[in-house]
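Please find below some notes on the architecture of this model, set out as numbered points. They take up the sheets, then the helix packing, and then two individual residues.

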Amino acid sequence: MNNHDLMQDDLAVLWHPCSQMKDYEQLPPIPIRRGDGVWLEDYDGKYYIDAISSWWVNLFGHANPRINTAITKQLGLLEHVLLAGFSHEPAIRLAERLVHLSPPGLTRCFYADNGSSAVEVALKMSYHYWRNAGQTQKNKFITLTNSYHGETLGALAVGNVPLYKEIYAPLLMETLTVTSPDCFYREPGESCADYSQRLFPLMERMLEQHCQTVCAVIVEPLVQCAGSMRMHDPVYLSLLRAACDKYHVHLIADEVAVGFGRTGTMFACEQAGITPDFLCLAKGLTGGYLPLSAVLTTSTVYQAFYDDYTKLSAFLHSHSYTGNALACSAALATLDIFSQDNVIIQNQTLAKRMHTSTLHFNDHPHVAEVRQCGMILAIEMVKDKKTREPFAWQERRGRQVYRYALEKGVLLRPLGNVVYFMPPYVITEEQIQHLADVAWQGIQLATTPT
Ligand SMILES: *Cc1c(COP(=O)(O)O)cnc(C)c1O
C-alpha cells in the first residue's frame, strides 16, 4: 500500500471529523503507517513531527514502549468488563491515583469514555445534586464566551465557539454567558492578572443575579484551547472559587485539554490553589492511547446520591466502555512515567525553549501576540499588527501554514489564524527549534501578499 492508493480508498468510504470533505480534493488525508515518539510515518515513508500531540492527547510519544508493555500485559488478562456490579484492578488503582494527584477534597472518581461525556456527567451530576438537596429551582449553567467543552449537545450548549455551535443553537439548552477574561484583549501595558481581575465583576454580577437558578459555572482553567489558545490568569479562578462558594453554585473545571502537565503543573487548578466541585479529565489521561475520561468530585456531592434505592436518588448514568480495563492500564502507565521521569520539572526546559525559539515572532509584522502557558505556545496572526484587525477567515491563512508545514514534515494544525505548538513531552529542544523555524517560514508564506 502507498499513500495514493490509501487516499483513494479512504475518500471512497470515510467521513472525517471536523472536516469539509471537499477540502480533501486539494489535500487528501494522510494515511499513517507507523508512529514512533514524536514521529508519524506515512505509507510513502515520509516522516512528520506531531507538534500538536494528535489533537492534544499524546503525552509521551507514539508507540511508547512503557505504555505498550502495560497494555499488552493487561490484554492477556482482561480487555473489558462492565463496571456496574463489577470492577477490576486497573479501574480501582487509577481512581486511587487520580484522587491522590488531584486537588485536595476530590475523593470520588466516575469514569466515562471521552471528554464530551465527562462534561455531560459533570453537568448532570451538578443538576442532580441540587435536586437531591431539595433545590429543584436550579437548572442553569454559567459559561464563558469563547469556551469549548465538546460536541455532544449538552457539552455544545455550555461551549461558545460560534463555528461549532451556531448551527445547532435551536437544539441546545440555554446558558448564561459571561465575557471571558481572555488576556488577548488587555490594554497595552496592562498585566494579564490585572485584566483577568478587572473582568471578574461581570461574573460576580451574573452569579449575584442568577444564583437561585444556577447549578454550576463551567470553565477551562487557564487556557481556552479550542477557542484559539486564549489564556487568562489564575487569579480569575481563585476569585471564581470564592464567588461560587458565596453564591452556592458548583464550579466545574474542564481540564480535558489542560490536565496532565500541559500548563506547567499537573492540573491547571493547582496554579490558583483551588479545588473545583467537579474536575473533568480525558485526552492526555491515557497518554493518547485509548478513549477514557474521568470526573472527580467531592464526598459532599457523592453523599447526596447515597441512599436506599427506592429513594430514586442514584446517578443512573453509564457508557458501554466506562472505565475500560485497557484504557485504565494505559492511564496507569502514563502516570508511572510522570512520577518516574519527573516530567513536570523536565518540561520546564522544553517550555523555556519554546519561549526562546519564538521570541522573534513578536517582531513579525503580522503577529499580534505570542502567548504561552507551560507546554502550550500560540502565535496569533493578524492582518494589521497595530489595530489587530484579523485576516478574513475566508482567506484561510492558517491552512496555508498547515500545508507548508506538512511539506516540511511537521504536523501543525492552526486554529483559524492561530498557529500553536502543543507537542508530546518527549520532544527534544532541537525539534522545538525546528518547529519554530518551520512555523516562521509558514507564517511568512501565509502572510505575504501574493
Ligand atoms: C477536547 C475537549 C473536550 C471534548 O473531549 P472529546 O474527547 O473530544 O469529546 C471537552 N473539553 C475540552 C476543554 C476539550 O478540549
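1. In this predicted model, 7 strands make up an open sheet whose order is 4-12-11-10-7-5-6, and the pairing within this sheet is mixed. The edges are taken by strand 4 (106-112) and strand 6 (176-178), each of which has a single partner strand, so one side of each is left without a neighbour in the sheet. From one strand to the next, the twist averages 20°.

2. At the edge formed by strand 4, the partner is strand 12 (residues 293-298), and the two pair in the antiparallel sense over 6 bridges. Within this pairing, Ala112 of strand 4 stands opposite Ser293 in strand 12. Helix 4 packs on the sheet here, touching strand 4, strand 11 and strand 12, and the direction of helix 4 makes about 135° with that of strand 4. Elsewhere on the sheet, helix 8 (residues 192-210) lies across strand 5 (140-144), strand 6 and strand 7 (214-219), and runs at about 155° to strand 6.

3. Helix 4 also has a helical partner. Helix 4 (residues 89-101) packs with helix 11 (residues 325-340) at an angle of about 40°, their axes being 9 Å apart, and that angle makes helix 4 oblique to helix 11. The crossing of helix 4 past helix 11 is left-handed. On the side of helix 4 the contact is made by Pro90, Ala91, Arg93, Leu94, Arg97, Leu98 and Leu101, which meet Ala325, Cys328, Ser329, Ala331, Leu332, Leu335, Asp336 and Ser339 in helix 11. By residue class, the contact of helix 4 with helix 11 divides into 10 nonpolar, 2 polar and 3 charged residues.

4. A second helix pair deserves a separate entry. Helix 13 (residues 397-407) and helix 14 (residues 429-447) have axes that come within 8 Å and cross at roughly 135°, and these two helices are therefore oblique to each other. Helix 13 passes helix 14 in a right-handed crossing. The residues of helix 13 that take part are Arg397, Gln400, Val401, Tyr404 and Ala405, and they meet Val438, Gln441, Gly442, Ile443, Leu445, Ala446 and Thr447 in helix 14. The contact of helix 13 with helix 14 comprises 7 nonpolar, 4 polar and 1 charged residues.

5. Another open sheet is formed by 3 strands in the order 13-14-16, with antiparallel pairing. Strand 13 (367-373) and strand 16 (418-421) are the edge strands, each pairing on one side only, and neighbouring strands of this sheet are turned by 15° against each other on average, direction ignored. Strand 14 (residues 376-381) and strand 16 run antiparallel and are joined by 4 bridges, with Phe421 in strand 16 as the bridge partner of Leu377. Which residues cover the two faces of strand 16? Val418 and Tyr420 lie on one side, Val419 and Phe421 lie on the other, and all of them are buried.

6. Strand 2 (residues 39-42) and strand 3 (residues 47-50) run antiparallel and are joined by 3 bridges, and Leu40 stands opposite Tyr48 in strand 3. The two strands form a hairpin with 4 residues between them, and Gly45 in the turn has a positive phi of about 85°. Strand 3 pairs in addition with strand 15 (residues 410-411), in the parallel sense and over 2 bridges; there the bridge partner of Asp50 is Leu411 in strand 15.

7. Is Arg262 buried or exposed? This residue is found in the loop between strand 10 (250-254) and strand 11 (278-281), and Arg262 is buried, with a relative accessible area of 1%. Leaving aside neighbours within four places in sequence, the contacts of Arg262 include Ser53, Asn58 and Leu59, as well as Cys373, Gly374, Met375 and Ile376, and also Met422, Pro423, Pro424 and Tyr425.

8. Thr334 belongs to helix 11 and is buried, with a relative accessible area of 0%. Not counting residues up to four places away in sequence, Thr334 touches Leu59, Phe60, Ile67, Gly284, Leu285, Thr286 and Gly287. Thr334 and Asn64 are 270 residues apart in sequence, yet their C-alpha atoms are 9.7 Å apart in space.

Technical notes
Residues numbered from 1 in each chain as written. Predicted model: local features only at pLDDT ≥ 70, side-chain atom pairs only at ≥ 80, totals over all residues. Heavy atoms only, no water. Axes fitted to C-alpha atoms, helices over the stretch in contact; angles between N-to-C directions. Parallel < 35°, antiparallel > 145°, perpendicular 65-115°, else oblique. Left-handed = near helix turned anticlockwise from the far one by under 90°. Contact = heavy atoms within 4.5 Å. Nonpolar A, V, L, I, M, F, W, Y, C, P; charged D, E, K, R; others polar. Pairing = 2+ DSSP bridges. Buried < 20%, exposed > 50% of the residue type's maximum accessible area, 1.4 Å probe, protein only.
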